[in-house]
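Me: I'd like to go through this one with you, question by question. Here it is.

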Amino acid sequence: MAAVILPPTGLVTFEDFTQEEWALLDPAQRTLLRQENCLNPGGGGNQVDKPSLISQLEQEDKVMTEERGILSGTCPGEHQERNHLGATLNECNQCFKVFTTKSSLKRHMRIHTGEKPNHCSECGKSYSSRSYFAIHKRIHNGEKPYECSDCGKTFSSRSYLTVHKRIHNGEKPYECTDCGKTFSNSSYLRPHLRIHTGEKPYKCNQCFREFRTQSIFKRHKRVHTGEGHHVCNECGKAFSTRSSLSLHYSIHTGEYPYECHDCGRTFRRKSNLTHHIRTHTGEKPYTCNECGKSFTNSFSLTIHRRIHNGEKSYECSDCGKAFNVLSSVKKHMRTHTGKKPYECSYCGKSFTSNSYLSVHTRMHNRQM
């Protein structure tokens with residue numbers, strides 16, 4: 001803040017502050033100063049010199065911020081926000097933010113009211129500010145006035161260009177406080193945080209599977225709609241993405257390209273290897289905020305959380321029994337169908353689940 005000339009008395013009232021100085025104070029400081037002057041409207045009483053008030057402001061800033069929802073933004077009896085110099089302040093009475101012009105305040109107020117007066121005639125979408133609306137219209141007219149000086153790629157807004165340039169300069173200003181991973185865009189950080197919390201807000205209403213991001217959820221829905229399917233020419237199974245089909249092919253080829261350097265075990269997916277390595281390191285980065293239990297992967301945390309909320313989304317269509325995991329209801333269904341897809345390579349005996357087969361196989365291993 002610019003240097004302030006003290007009045008001859010060394011005492012502080014609203015008259016000691018210019019409008020520019022007042023605008024530089026944060027909301028908690030302005031609220032506190034109002035209280036001081038409301039208690040002493042005539043400038044008399046328990047006034048404090050400016051250095052002492054600034055020190056008090058700094059010390060009580062946290063308290064005043066917490067009480068902001070209780071304290072009035074104006075002196076008792078006032079019906080509008082104004083400073084004590086006789087000039088009306090352009091201050092939001094909801095969050096105490098100060099603006100240089102009345103029009104800026106009016107635009108800001110739409111954040112609190114939800115008003116969106118700028119309507120797109122092409123798609124019906126609405127925006128609170130003209131500038132955001134102007135950027136949106138470029139989606140329809142194809143205008144991309146912002147060009148990257150490194151690669152020539154063009155963008156409809158300056159903010160998109162700023163994010164894109166981080167590809168070239170390597171800047172990643174958004175950091176995860178849980179694992180330290182950094183991102184070039186805040187929109188990438190948000191879904192990443194759900195890995196740690198286990199939150200999966202996108203739920204399929206057909207198979208009840210849950211997803212961490214909207215993009216993965218959209219790809220999944222193609223499984224049910226049949227849209228854009230990629231079919232395996234070996235077994236006829238269809239997949240929503242080409243990458244999923246490529247991964248599936250390894251079942252037929254027997255390819256397991258990801259190997260654990262500790263025990264030599266191989267995996268079809270890199271993510272499966274990552275989870276497996278944690279069995280060696282003991283790392284369990286996913287913690288339940290209800291009971292503190294930790295897990296090696298987010299899926300295990302998601303399933304565990306259903307113990308606390310009692311959720312059982314998967315129901316048997318034959319007997320109505322409900323389960324909290326899709327694999328459990330599939331295994332249960334085999335008690336009705338009699339299907340036993342897991343066969344022992346030693347004696348030919350079949351089982352309803354892979355876990356039962358594993359237990360059975362150990363019997364042969366002990367006999368060898």
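Me: Leaving aside neighbours within four places in sequence, which residues is serine 157 in contact with?
Reply: This is a predicted model, where local features need pLDDT of at least 70, side-chain atom pairs count only at pLDDT 80 or more, and totals for chains, interfaces and linings use all residues. Residues are numbered from 1 along each chain as its sequence is written, and side-chain values use heavy atoms, with hydrogens and water left out. Contact means heavy atoms within 4.5 Å. By that rule, serine 157 touches Ile135, Arg138 and Tyr146.

Me: Is serine 157 buried or exposed?
Reply: Serine 157 sits in the loop between strand E4 (154-155) and helix H6 (158-169); helices (H or I, at least four residues) and strands (E, at least two) are DSSP runs, numbered from the N terminus. Buried means under 20% relative accessible area, exposed over 50%, and partly exposed in between (1.4 Å probe, protein chains only). Since serine 157 comes in at 1%, it counts as buried.

Me: And which residue's backbone nitrogen does the side chain of serine 157 reach?
Reply: A polar contact is a pair of N or O atoms within 3.5 Å; within protein, one must be able to donate a hydrogen and the other to accept it, and residues adjacent in sequence count only if both atoms are side-chain atoms. Here the distance is 3.2 Å, and the partner is tyrosine 160.

Me: Arg138 came up as a contact. Which residue does arginine 138 form a salt bridge with?
Reply: Side chains of opposite charge can pair when their charged atoms come close. A salt bridge is a side-chain nitrogen of Lys or Arg within 4 Å of a carboxyl oxygen of Asp or Glu. Arginine 138 is buried at 16%, and its closest N and O atoms are 3.9 Å apart in the bridge to glutamate 143.

Me: Is glutamate 143 buried or partly exposed?
Reply: Its relative accessibility is 38%. That value makes glutamate 143 partly exposed.

Me: How many salt bridges are there by this rule?
Reply: One of them joins arginine 110 and glutamate 115 (4.0 Å, N to O), with the arginine buried at 15% and the glutamate partly exposed at 41%. Another links arginine 278 to glutamate 283 at 3.8 Å. There arginine 278 is buried at 12%, while glutamate 283 is partly exposed at 41%. The full count is six.

Me: How far apart are the end C-alpha atoms of helix H11?
Reply: The expected span of a helix is 1.5 Å times one less than its number of residues. H11 (residues 298-309) has 12 residues, so it should span 16 Å. That agrees with the end-to-end distance in the model, 17 Å.

Me: Which helix do the buried residues of H11 pack against?
Reply: Those buried residues are Ser298, Leu301, Thr302, Ile303, His304 and Arg306. They pack against strands E8 (210-211), E13 (286-287), E14 (294-295) and E15 (314-315), as well as helix H7 (186-197). From the other side, what covers H7's buried residues includes E13 and H11. So the helix you're after, going by the packing list, is H7.

Me: At the start of H7, which residue's side-chain oxygen reaches the backbone nitrogen of serine 187?
Reply: At the start of H11, a side-chain oxygen of asparagine 297 comes within 2.8 Å of the backbone nitrogen of serine 300. For H7, the reach to serine 187 is within 3.0 Å, from asparagine 185.

Me: And which residue takes a positive phi just after H7?
Reply: Just after H11, glycine 310 has a positive phi of about 70 degrees. Just after H7, the angle is about 80 degrees, at glycine 198.
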